[in-house]
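Hi,

Here is the structure I promised to pass on, with my notes underneath. Have a look at it first, and then read on.

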Amino acid sequence: MIDLDKELNPQQADAAKTTEGPVLILAGAGSGKTRTIVYRISHLIEDLRVDPWNILALTFTNKAAKEMKDRVGSMLPEGMKAPNISTFHSTCLRIMFSHADKLGYTSSFEIADAADQKAVMREVYKKLNIDTKLIPEKRAAREISEAKDSLKDPEKYAQDNFGDFSKKQFIDIYREYQAHLMHNNSMDFDDLIMNTVKLFKKYPDVLESYQEKFKYIMVDEYQDTNTAQFEFIRLLADKYKNLCVVGDDDQSIYKFRGADIRNILDFEEHYPTAKVVKLEENYRSTSNILAAANEVIANNSERKSKELWTKTPEGSKIRFRQLDTASGEAAFIADDIRKRVEEGAKLGDFAILIRTNIQSKEFEDAFRVRRMDYEIVKGLRFWDTKVIKDVSAYLLTVAGGSNDMRTNRIINLPKRGIGASSVDKVAAFAAENGLSLFDACCRVDEIPGVSGKALAGIKSFTEMILSIREESKSMKLSEVVKRIISDSGYDQYMLMESDSTEKYAEMKDYINKLKEALDSYEEETDEPDLIDFMRQNGVEGSTIDKVTDDSNTDRVMVMTMHNAKGLEFPNVYVSGMEQGIFPGFGSIMSDDPMAIEEERRLCYVALTRAEKTLTLTSSRQRMINGERRFYAISQFMKEIPDELLDMNVQPKKAEKKERVIPEARKIARAAFEEKPVAFSAGFKNAKAGAFSTSAPKPDYEVGDRVRHFKMGEGTVKSIVPGGRDYEVTVEFDSVGIKKMFAGFAKLKKI
DNA sequence: CTAGGATCATCAATT
DNA sequence: ATGATCCTAG
């Protein structure tokens with residue numbers, strides 16, 4: 001028996017014990033939300049003897065799912081089967097896997113990711129002859145995504161917007177877009193949810209089987225749900241009504257991707273018998289930080305009444321500094337962190353939160369110059385990498401996939417002299433004869449108008465694929481990858497594309513990671529299914545983490561506020577506290593008064609990330625889109641009471657010092673701090689180091705044979721001393737005469 | 001068909 | 001400032 005009263009505070013325990021019927025847990029920032037959910041699940045399984053497979057916990061991100069899975073796993077006894085804890089999309093993917101045929105797909109359907117969607121949209125525009133300047137593709141994609149999020153398929157959308165002139169074209173675009181996806185047997189991310197709801201509505205018996213399977217349902221970050229997700233949950237929980245949703249209306253920051261805050265605000269209306277539990281004790285931040293966050297969010301009109309409190313001490317005041325320039329702002333923060341690290345803090349205890357990604361550049365420079373370890377947290381996932389997507393497209397094509405999106409991606413990659421017009425001709429032939437693009441390529445001889453380079457290119461392309469396909473039957477998937485990148489010339493292509501050895505090594509690294517993933521998949525799985533593997537990874541993307549060669553985690557984190565949601569750091573800097581940056585220009589100008597409230601919630605999220613200290617900074621001017629602009633201090637600063645703030649009243653001095661460093665001196669200092677042996681570290685560093693370093697005389701002479709990492713072997717024609725480096729002219733055997741700087745080219749004498 | 005110069009658009013971002 | 005996309009000459 002788990003002693004919930006001992007492990008949890010009274011509200012948390014109440015939430016964990018209420019297992020039957022609808023429950024809304026309003027969990028403020030840092031109130032032990034995950035802990036509560038984890039205990040609730042363990043309580044269900046261990047004390048109430050609910051079978052783990054009858055429990056479904058839904059999250060938005062794979063990261064959240066993984067964390068919850070790990071924490072639940074460590075609490076359950078050895079060998080106990082784990083409950084279903086996964087994302088909405090992953091759950092729906094699994095459901096679709098079993099029932100796709102009922103909706104007109106085959107079970108080998110694929111997932112269309114953002115890049116695929118874009119490609120499809122281009123096709124649609126071409127077919128409907130729509131000018132991308134009249135309706136930006138992004139606008140149409142958004143409209144479609146919104147339609148799907150609110151469960152409108154093309155027919156429903158057409159009905160609802162009948163006679164609305166402004167929507168007329170979207171109706172056509174949506175219909176055509178969906179037809180293209182269907183033709184490629186593909187679902188986009190929004191389809192996964194919409195189709196599952198469709199399935200449930202169309203097949204009550206299927207729905208019931210899942211209602212029986214998932215008797216207890218939990219939803220994390222409920223404030224982020226959209227209409228489709230709401231309906232998905234509603235249907236699943238309709239039989240037993242054991243639905244526990246956890247969220248915080250004050251942390252709803254994803255309206256721009258369809259989240260409907262009404263779902264959480266109106267939960268008690270949707271479920272009149274719902275029990276509401278509020279978790280308001282905060283275990284994360286000092287009371288000063290909490291007070292500031294509370295004061296800011298209090299300016300919002302529509303919220304559930306909730307106020308965080310804490311037993312922790314006041315802590316230091318919240319610092320605010322206004323600097324003159326964005327680089328000055330970054331310099332101030334970097335210097336401040338360096339100072340505090342010298343006083344004993346760890347780099348890893350610091351995070352810098354930014355509103356937009358462009359702000360990250362200044363910090364990148366500031367930390368690089370100071371040789372401080374940092375990480376700019378980007379959204380890029382392994383499976384979204386170009387290299388991986390390219391190779392995956394090859395793999396799926398070799399596997400016999402009839403997905404035109406995949407074929408399209410690789411047909412002329414690397415370049416085989418197959419241009420758009422040739423592809424169009426093949427595509428037309430394919431359409432006429434009901435073939436896939438690849439099958440049409442195989443019959444290219446019958447296609448009129450395709451000749452010369454294009455014809456040869458298509459022939460060698462299909463021959464290559466078919467021959468690998470033939471041999472692949474007796475190969476491991478990782479060996480197929482190897483064959484693909486050598487036979488297709490992709491290896492050579494990577495070499496040409498990469499402008500540094502590091503970049504090339506990184507690409508190879510990605511491919512090796514892919515091979516490893518394929519190997520372990522084949523080992524672990526009885527009946528390996530490449531399509532299922534790819535599909536799974538397209539949605540979950542978690543099998544392989546982003547390739548980071550640095551195992552040292554003690555570094556300053558720089559990330560957007562959106563990215564920081566759910567995380568916490570001892571010391572937080574919020575950069576860009578300016579009217580027009582944060583709140584953003586768009587929300588100030590918006591005619592929707594709720595827009596500024598969303599920004600304010602984002603501010604609330606940002607402030608509540610901090611445990612011990614919080615520093616807010618702004619810049620008087622900023623270079624935006626290449627022009628200098630001036631900014632006033634953010635309105636959110638005024639919403640924090642003065643008595644909580646340390647405004648640094650006097651020292652204009654310290655600030656001035658940062659201001660007067662002329663650009664030139666800063667660069668000089670940067671160069672000075674750069675390693676003297678800059679040329680060994682690749683192009684990027686070489687550029688910065690060039691200010692203070694001159695290259696040594698090359699160890700080859702005119703007439704010598706040399707090797708270049710990219711262009712192969714050649715003969716040195718001339719060596720001319722330049723300003724700070726030697727300009728070498730080489731006649732390469734393969735690519736002819738090239739001029740290059742000795743320091744950059746890294747030529748090896750043979 | 002391709003390369004590379006001209007032009008354009010520019011918030012946040014998971015799955 | 002920057003990266004993606006369009007356009008045009010060869």
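What is the mean pLDDT of chain A, and what percentage of its residues reach 70 or more? This is a predicted model, and the mean for chain A is 87, with 89% of residues at 70 or more. Two stretches deserve a cautious eye. Over residues 543–549 pLDDT stays under 50, and the model has 13 contacts beyond four places in sequence for them. The other stretch is residues 650–695, where pLDDT also stays under 50 and the model has 49 contacts beyond four places in sequence.

Now to the sheets, beginning with the one that involves S1. This is an open sheet of six strands with parallel pairing, and the order is S3-S2-S6-S7-S1-S8. Strand S3 (84–87) and strand S8 (275–279) sit at its edges, each pairing on one side only. From one strand to the next, the twist averages 15 degrees.

At the S3 end, strand S2 (residues 55–59) runs parallel to S3 and is joined to it by four bridges. If you would like a pair to click on, Ala57 has Ile85 in S3 as its bridge partner. Two helices belong to this part of the picture. Helix H4 (residues 62–75) lies across S2 and S3, at about 165 degrees to S3. Helix H5 (residues 88–99) packs on the sheet as well, touching S2, S3 and strand S6 (216–219), and its direction makes about 110 degrees with that of S3.

The other sheet to look at contains S9. Seven strands form this open sheet, again with parallel pairing, in the order S11-S12-S10-S13-S14-S9-S17. Its edge strands are S11 (374–376) and S17 (645–646), and each of them pairs on one side only. Within the sheet, strand S10 (residues 350–354) and strand S13 (residues 569–575) run parallel and are joined by four bridges. Leu353 is a handy place to start here, with Val574 as its bridge partner in S13.

Helices lie across this sheet too. Helix H15 (residues 287–297) lies across strand S9 (318–323) and strand S14 (610–619), running at about 55 degrees to S14. Helix H29 (residues 594–607) lies across S10, S13 and S14, and its angle to S14 is about 130 degrees.

Next, the DNA. Around DNA strand B there are 27 residues, of which Asn62, His89, Ser421, Ser422 and Thr560 come nearest. Sugar and phosphate make up 56% of the strand B atoms that come within 4 Å of the protein. By class, the surface near DNA strand B has six nonpolar, 17 polar and four charged residues. Helix H20 (420–433) and helix H27 (561–564) each supply at least two residues of that surface, and the largest share, three residues, comes from H20.

Several contacts to phosphate oxygens of DNA strand B are worth displaying. A polar side-chain atom of Ser422 lies 2.6 Å from one such oxygen. For Asn357, a backbone N or O atom lies 2.9 Å from a phosphate oxygen of the strand. Gly419 likewise places a backbone N or O atom 2.9 Å from a phosphate oxygen of DNA strand B.

And which residues surround DNA strand C? They are Lys118, Arg122, Lys361, Asn625 and Gly626. Of the strand C atoms that come within 4 Å of the protein, sugar and phosphate account for 50%. The surface near DNA strand C comprises three charged and two polar residues, with no nonpolar ones. Arg122 has a side-chain N or O atom 3.3 Å from a phosphate oxygen of DNA strand C.

Finally, a few backbone details to check when you go through the loops:

- Leu413 and Pro414 are joined by a cis peptide bond, with omega about -5 degrees; Pro414 is in the loop between helix H19 (404–410) and H20.
- Phe582 and Pro583 are also joined by a cis peptide bond, with omega about 5 degrees; Pro583 is found in the loop between S13 and helix H28 (585–589).
- Leu151, a residue other than glycine, has a positive phi near 65 degrees; its place is the loop between helix H7 (137–149) and helix H8 (154–160).

Happy browsing, and all the best!

How values were computed:
Residues are numbered from 1 along each chain as its sequence is written. Chains are lettered from A and ligands numbered from 1 in the order in which they are written. This is a predicted model: local features need pLDDT of at least 70, side-chain atom pairs count only at pLDDT 80 or more; totals for chains, interfaces and linings use all residues. Side-chain values use heavy atoms; hydrogens and water are left out. Two strands pair if DSSP finds at least two bridges between them. Axes are lines fitted to C-alpha atoms, for helices over the stretch in contact, and angles run from 0 to 180 degrees between N-to-C directions. Contact means heavy atoms within 4.5 Å. pLDDT is the predictor's confidence in each residue, from 0 to 100. A residue is near a molecule or strand if one of its heavy atoms lies within 4 Å of it. A polar contact is a pair of N or O atoms within 3.5 Å; within protein, one must be able to donate a hydrogen and the other to accept it, and residues adjacent in sequence count only if both atoms are side-chain atoms. Ala, Val, Leu, Ile, Met, Phe, Trp, Tyr, Cys and Pro count as nonpolar, Asp, Glu, Lys and Arg as charged, and the others, Gly among them, as polar.
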